[in-house]
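This report describes the fold of a single model, from local backbone features to the packing of its elements. The sequence and structure are shown first.

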Amino acid sequence: YNNTKRPKWSGYDYYALQSRKLVWCPVFKAASSNWMENIVMMSPEPIYRIEQYRKDKKYDQPNTLARKIAPQMTESKYQLFLNKEPKPVKFIIVRDPIDRLISAYRDKLEKMMPYYHKTYGAKIVTKYRKEGMKRFGKEYYEANRSSSYEHAPDGRTGREPTFWEFARYVMDGGTRNEHW
């Protein structure tokens, strides 16, 4: 994922728990929500304070709470931390790319998450729906409420992109997102 709006160094890409000598580089859709919670629970923050943070709407997402607990570091501070003895454990968790792609689709687009539908889903449908109907048939789309599955999941309206449409979008170089 390369977001050209970010500077070359960005503490955004790492979560460092100095008290635990730990650095984690998240890959979204690869156990990232679990590790955001682990970062919070492994921190030296008292439980009562963590619970106070959780009640604040600013920290209602796992990544915002984890970032509150493990704030971004400047490059110089991060380099000092990396070189201090004992050296921290640095790790990254990866996932099969196809599993990750399917997970991103199911979590962000199939469920019609408002931000993702507005930012990506509606555009994907506009660009690929006609081609999909030509390829798979209008009857298929109607019978499955535009689902990629033989039995459409509850709640589908037909406005969501199918997995095929989403995969075409990604393969054609559509806007990148850290989740895919």
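At 14% relative accessibility, Lys29 counts as buried, where buried means under 20% relative accessible area, exposed over 50% and partly exposed in between, with a 1.4 Å probe and protein chains only. The model is predicted, so to speak of local features requires pLDDT of at least 70 and to count side-chain atom pairs requires pLDDT 80 or more, while totals for chains, interfaces and linings use all residues. Residues are numbered from 1 along each chain as its sequence is written, and side-chain values use heavy atoms, with hydrogens and water left out.

## Backbone features

Lys29 is found in the loop between β2 and α1. Helices (H or I, at least four residues) and strands (E, at least two) are DSSP runs, numbered from the N terminus. Several residues take a positive phi, as listed below.

| Residue | Place | Phi |
|---|---|---|
| Lys21 | turn of the β1 and β2 hairpin | about 55 degrees |
| Lys29 | loop between β2 and α1 | about 75 degrees |
| Met112 | loop between α5 and α6 | about 55 degrees |
| Gly137 | just after α6 | about 95 degrees |

Neither Lys29 nor Met112 is a glycine. Met112 is buried, with a relative accessible area of 18%. A further backbone feature is the cis peptide bond that joins Glu85 and Pro86, with omega about -10 degrees. Pro86 lies in the loop between α4 (75–83) and β3.

## The sheet

Three strands form an open sheet of mixed pairing, in the order β1-β2-β3. Two strands pair if DSSP finds at least two bridges between them. β1 and β3 (89–92) stand at the edges with a single partner strand each, so one side of each has no neighbour in the sheet. Neighbouring strands are turned by 15 degrees against each other on average, direction ignored. Strands of a sheet pair through backbone hydrogen bonds, either parallel or antiparallel.

β1 and β2 form a hairpin with four residues between them, and they pair in the antiparallel sense over three bridges. Leu17 has Leu22 in β2 as its bridge partner. β2 and β3, by contrast, run parallel and are joined by four bridges. Across this pairing, Trp24 has Phe91 in β3 as its bridge partner, and Cys25 stands opposite Ile92.

Helix α1 lies across β1, β2 and β3 and runs at about 160 degrees to β2. For such angles, axes are lines fitted to C-alpha atoms, for helices over the stretch in contact, and angles run from 0 to 180 degrees between N-to-C directions.

## The two cores

A nonpolar core is a set of buried Ala, Val, Leu, Ile, Met, Phe, Trp, Tyr and Cys residues joined through side-chain atoms within 4.5 Å. The largest one has 15 residues, and those with the most contacts inside it are Tyr15, Leu17, Met36, Ile39, Val40, Ala66 and Ile69. Two or more residues come from each of β1 (15–17), β2 (22–25), α1 (32–42), α2 (47–55) and α3 (62–69). A second, separate core of 13 residues includes Leu101, Leu109, Tyr128 and Trp164.

Which residues does Tyr15 contact beyond its neighbours within four places in sequence? With contact meaning heavy atoms within 4.5 Å, the partners of Tyr15 include Leu22, Trp24, Met36, Ile39, Ala66 and Ala70. In α3, the buried residues are Leu65, Ala66, Arg67 and Ile69; they pack against β1, α1 and α2.

## Helix α6

Helix α6 (residues 114–136) has 23 residues, yet its end C-alpha atoms are only 27 Å apart, short of the 33 Å that a straight helix would reach. This expected span is 1.5 Å times one less than the number of residues. The helix has a kink of about 50 degrees centred on Tyr128, the bend at a residue being the angle between axes fitted to the seven residues ending there and the seven starting there.

Among the buried residues of α6 are Tyr116, His117, Tyr120, Ile124, Tyr128 and Arg129. The buried residues of this helix pack against α5 (97–110), α7 (138–143) and α8 (163–171). His117 has a relative accessibility of 14%. Not counting residues up to four places away in sequence, His117 touches Met112, Ala122 and Arg159.
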